[in-house]
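Student: I'm learning how to read a protein structure, and I'd like a close look at one part of it. Could you take me through the charged pairs first, and then carry on to the surroundings?

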Amino acid sequence: DDDDEEEEMMMPTTRPLGSTATTTSIPYVSSSSSTEKKPKNKKEKEKEGKDDYSSSFGVDDDVGTKDILYNDADDGEMSIAKEIRQLQKAWMNEKIAPSLLGYERELVERISEEIKEQDEATREEKLKDVDDKFIYHTYQMELERLRFLIASYLRTRLLKIEKYAQYISNTPRLQSRLSDGERSYLVRYCELIDKHFSSSFLERIPENIAQDLDGNRMTQPNMDDHVLCQFDGDIGALNVGDGMSLTNIDVSAGDIYIVRYASVEALTRRKEAHLI
């Protein structure tokens with residue numbers, strides 16, 4: 001009878017379908033202590049004693065494949081993670097802004113050098129097991145993302161240079177925003193365009209008409225285009241009028257507005273706001 005009662009206590013209590021009561025059961029508790037550690041096998045002991053791939057590259061085993069490229073440094077020097085985030089903002093600003101912005105020389109050179117160093121370091125490591133290969137491929141994927149970021153940033157700038165080539169070449173303040181390579185590209189591109197237009201039709205029409213056509217083919221960016229802008233600091237009163245009227249808005253850090261690009265161009269270049 002005692003055995004039957006004990007068996008009945010261990011059985012879960014059930015209710016018919018549609019009943020509001022929930023199904024309950026008595027949990028099973030192991031007789032051994034839950035804090036008792038299992039003995040380590042030979043493979044675990046060997047792995048514990050060696051300086052593995054993840055440790056040599058700053059990957060914390062407790063958090064998985066944590067990329068050291070995104071570890072913020074606590075010292076005064078800007079970490080590579082912050083530089084990557086700044087380059088991402090510069091990339092988005094360049095894609096959205098109608099005019100050409102300043103070239104982020106230090107960010108591009110610093111991240112390019114970091115990509116080269118990390119790529120060489122990962123390729124020199126010996127891949128002994130599956131975990132090493134997984135971490136290696138994770139690293140390579142991350143480096144490819146950074147290469148795409150830099151390539152897209154430079155490509156976006158070149159497209160603007162080609163679109164506004166004549167305007168940039170005649171505007172000194174825009175020429176100062178170019179890198180040495182971009183400046184050489186601009187000069188060569190303008191020479192090719194002038195040669196093409198001249199050989200195609202300009203040399204076959206009267207000179208006075210050719211001069212007028214040459215001046216009219218200069219394309220300028222539309223500074224009155226509206227952009228979605230997020231402000232990174234307390235700006236205070238900001239004039240967002242159309243130039244004919246004064247319209248001020250009170251801007252605080254984190255605010256997002258749709259405004260004319262001409263109203264926020266200076267803030268964007270000073271990195272007090274970014275386009276989204």
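Student: Which side chain meets that of R145 in a salt bridge, and at what N to O distance?

Tutor: Happy to help! Please keep in mind that this is a predicted model. The partner you are looking for is E142: its side chain and that of R145 form a salt bridge at 2.5 Å, N to O. That counts because the limit for such a contact is 4 Å.

Now look at where the two sit. R145 and E142 are 3 residues apart in helix α6, so about one helical turn separates them. An α-helix has 3.6 residues a turn, so residues three or four places apart point the same way. Side chains of opposite charge can pair when their charged atoms come close. The two partners differ in their cover: R145 has a relative accessible area of 48%, so it is partly exposed, whereas E142, at 13%, is buried because the cut-off for that label is under 20%.

You can find the same spacing in helix α9. There the side chains of D180 and R183 meet in a salt bridge at 3.3 Å, N to O. D180 and R183 are 3 residues apart in this helix, so about one helical turn lies between them. D180 is exposed, with a relative accessible area of 52%, while R183 is partly exposed at 29%.

In total, the count of salt bridges comes to 14. One of them joins the side chains of E94 and K160 at 3.1 Å, N to O. This pair links distant parts of the chain, with E94 in helix α4 and K160 in helix α6 (residues 130-163), 66 residues apart. Both ends are covered: E94 counts as buried at 1% relative accessibility, and K160 counts as buried at 8%. E94 and K160 also belong to a network of salt bridges that takes in R157 and E182.

Let's follow E94 back to its helix. Helix α4 covers residues 80-96, and its 17 residues should span 24 Å at 1.5 Å a residue; the C-alpha atoms at its ends are 24 Å apart, so expectation and model agree. E94 has company in its burial: among the other buried residues of α4 are I80, A81, L87 and W91.

Next, return to helix α9, where aromatic rings come into view. The count of aromatic pairs in the model comes to 4. In one of them, the ring centres of Y185 and Y189 are 6.1 Å apart and the planes meet at 20 degrees, so this pair is stacked. Y185 and Y189 both lie in α9 (residues 180-200), 4 residues apart, which is about one turn of the helix. Y185 is partly exposed at 30% relative accessibility, and Y189 is partly exposed at 22%.

A second aromatic pair, F231 with Y257, is edge-to-face: the centres are 6.2 Å apart and the planes stand at 65 degrees. It ties together distant parts of the chain, since F231 is in strand β1 (residues 226-231) and Y257 is in strand β4 (residues 256-260), 26 residues apart. F231 is buried at 1% relative accessibility, but Y257 is partly exposed at 28%.

Strand β4 also holds I258. I258 is exposed, with a relative accessible area of 62%. Together with L228, I256 and I276, I258 makes a nonpolar surface patch of about 350 Å².

Two more stops remain. The loop between α11 (261-269) and β5 (273-275) contains K271. Although K271 is not a glycine, its phi is positive, at about 65 degrees. K271 is partly exposed, with a relative accessible area of 47%.

Finally, consider the cysteines. A disulfide is a covalent bond between the sulfur atoms of two cysteines. The count of disulfides here is 0. C190 is buried, with a relative accessible area of 11%, and C229 is buried too, at 0%.

To return to your question, hold on to the picture of E142 and R145 meeting in a salt bridge, with about one turn of helix α6 between them.

Methods:
Residues numbered from 1 in each chain as written. Predicted model: local features only at pLDDT ≥ 70, side-chain atom pairs only at ≥ 80, totals over all residues. Heavy atoms only, no water. Phe/Tyr/Trp six-rings, centres within 6.5 Å; stacked < 30°, edge-to-face > 60°. Helix = DSSP H or I, 4+ residues; strand = E, 2+ residues; numbered from the N terminus. Buried < 20%, exposed > 50% of the residue type's maximum accessible area, 1.4 Å probe, protein only. Expected span 1.5 Å × (residues − 1). Patch = residues over 30% accessible without salt bridge, like charges linked within 9 Å, V, L, I, M, F, W, Y side chains within 5 Å. Areas by Shrake-Rupley, 256 points an atom, 1.4 Å probe, with all protein chains shown as cover. Disulfide = S-S within 2.5 Å.
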